[in-house]
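Open the model in your viewer and keep the sequence panel visible. The stops below are meant to be selected in order.

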Amino acid sequence: MNRREFFRSPTCLGSLLASGSLLAGESTGGVQEETADALADKGGWISLFNGRSLEGWYTFLPSTGKNSDPKGVFKAEDGMIHILDIPVSAKHQEFGYLATHQELSNCRIHAEYKWGTKRFPPREEAKRDSGLLYHFVGPDKVWPCCLEFQIQETDTGDTWMVGGARATSNVVSDSFPMYSRSGVPQGEEGTFRAPAALQQPYSLPLHIVTLSGGRFFKDADFEDRTGWNSVELVLDGDRSTHIVNGRIVDRTWDHRQPDPNRSGEMMVLDRGRIMLQDEGAEIWFRNIKMKPLNSNRKLSGTDPRRG
């Protein structure tokens, strides 16, 4: 199995690597050596973008479908993914995405982005907008069932529930769903555990809210609107943490999706493809990589309330 075939296989990459089946030296023929030596760096990070081509990814635009991008909305150049480096016109620019063939779960995903200057109708006067969508399942469309790590001016880090997805978080109030650390005991900010799972008294009241659709607002703004930004997404089963430039800004858990076999019922949403959005604004992405979680982890994001 070569690198291309590995990334296009249906196996969920994060879970496979975290299990050690490819990295622990088991007898797996050529796969063990290739994934360990060619894909993982010394820190355990595995590149999801080779810097030269869109190998391992596919494009989707509603008007042309999968892997048909006649205008070059998505391209690889100079070690970066460049989205919407096309001539600006008065015509509406359709939304679309660049998605991985591979599903991901139980891992940490890192990416860096920087805004360009081009803006396209119907959002030429709106905030520049993109997104890192995850737990993407089902057929390709705009937009499929998934969750979104919002990447948008002043809103980077928000969590959107898309296409019927559902999630839960601890928020400021029932009427204002902004993520809150209230009730998380001191010292627990660095680990991902839903408040309901903590085994000690809460210091402040909780406001646990579940949303189907809509968004949970991040609790602070750390985006650089002119330079490069780092975003990290921690996927831990059906839970996620959003980190912007080293600061934890949002957490959700109990991710659910509609059950296709039982009308009105929900099922766990804990894995899926990831995608980068074309949503009307020029943007670059670079250093896109993932790292499997281990069982004794603590998040390195800083609690913004501690400076």
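This tour goes from confidence to a sheet, then to salt bridges and a single threonine.

**Stop 1: colour by confidence**

This is a predicted model, so begin by colouring the chain by pLDDT. The mean for the protein chain is 82, and 75% of its residues reach 70 or more. Now select residues 1-8, where the pLDDT is below 50. Beyond near neighbours in sequence, that stretch still has 24 contacts in the model. Residues 19-39 also have a pLDDT below 50, with 30 contacts in the model beyond near neighbours in sequence. Where pLDDT is low, the predicted coordinates should not be read in detail.

**Stop 2: the open sheet**

Switch to a cartoon view and find the open sheet of 8 strands. Walking across it, the strand order is 3-2-6-19-8-9-10-14, and the pairing is antiparallel. Which strands are at the edges? They are strand 3 (65-66) and strand 14 (215-216), each of which pairs on one side only.

Stay at the strand 14 edge and select residues 159-162, which make up strand 10. Strands 10 and 14 run antiparallel and are joined by 2 bridges. Show Trp160 and Arg215 as sticks: Arg215, in strand 14, is the bridge partner of Trp160.

**Stop 3: Arg215 and its salt bridges**

Keep Arg215 selected and add Asp158. Their side chains meet in a salt bridge, at 2.6 Å from N to O. Asp158 sits in the loop between strand 9 (145-152) and strand 10, while Arg215 belongs to strand 14, so this pair ties together parts that are 57 residues apart in sequence. Is Asp158 buried or exposed? Its relative accessibility is 1%, and because the cut-off for buried is under 20%, Asp158 counts as buried.

Add Lys127 and Asp155 to the selection. Together with Asp158 and Arg215, these residues are linked in a network of salt bridges.

**Stop 4: two further salt bridges**

The model has 17 salt bridges by the rule used here. Select Glu112 and Arg286 for one of them; the closest N and O atoms are 2.8 Å apart. Glu112 is part of strand 7 (residues 107-119) and Arg286 is part of strand 20 (residues 281-292), so the salt bridge ties together parts 174 residues apart in sequence. The two ends fall into separate accessibility classes: Glu112 counts as buried at 15% relative accessibility, whereas Arg286 is partly exposed, with a relative accessible area of 27%.

Next select Arg239 and Asp236. They form a salt bridge whose closest N and O atoms are 3.1 Å apart. Here Asp236 counts as buried at 8% relative accessibility, and Arg239 is partly exposed at 26%.

**Stop 5: Thr210**

Finish by selecting Thr210, in strand 13 (residues 208-212). At 43% relative accessibility, Thr210 counts as partly exposed. Which residues does Thr210 touch, leaving out those up to four places away in sequence? The contacts are Arg166, Ala167 and Thr168. Put a distance label between the C-alpha atoms of Thr210 and Ala167: they are 5.6 Å apart in space, although the residues are 43 apart in sequence. Then show the side chains of Thr210 and Thr168, which make a polar contact with each other at 2.6 Å.

Definitions and conventions
Residues are numbered from 1 along each chain as its sequence is written. This is a predicted model: local features need pLDDT of at least 70, side-chain atom pairs count only at pLDDT 80 or more; totals for chains, interfaces and linings use all residues. Side-chain values use heavy atoms; hydrogens and water are left out. Two strands pair if DSSP finds at least two bridges between them. Helices (H or I, at least four residues) and strands (E, at least two) are DSSP runs, numbered from the N terminus. A salt bridge is a side-chain nitrogen of Lys or Arg within 4 Å of a carboxyl oxygen of Asp or Glu. Buried means under 20% relative accessible area, exposed over 50%, partly exposed in between (1.4 Å probe, protein chains only). pLDDT is the predictor's confidence in each residue, from 0 to 100. Contact means heavy atoms within 4.5 Å. A polar contact is a pair of N or O atoms within 3.5 Å; within protein, one must be able to donate a hydrogen and the other to accept it, and residues adjacent in sequence count only if both atoms are side-chain atoms.
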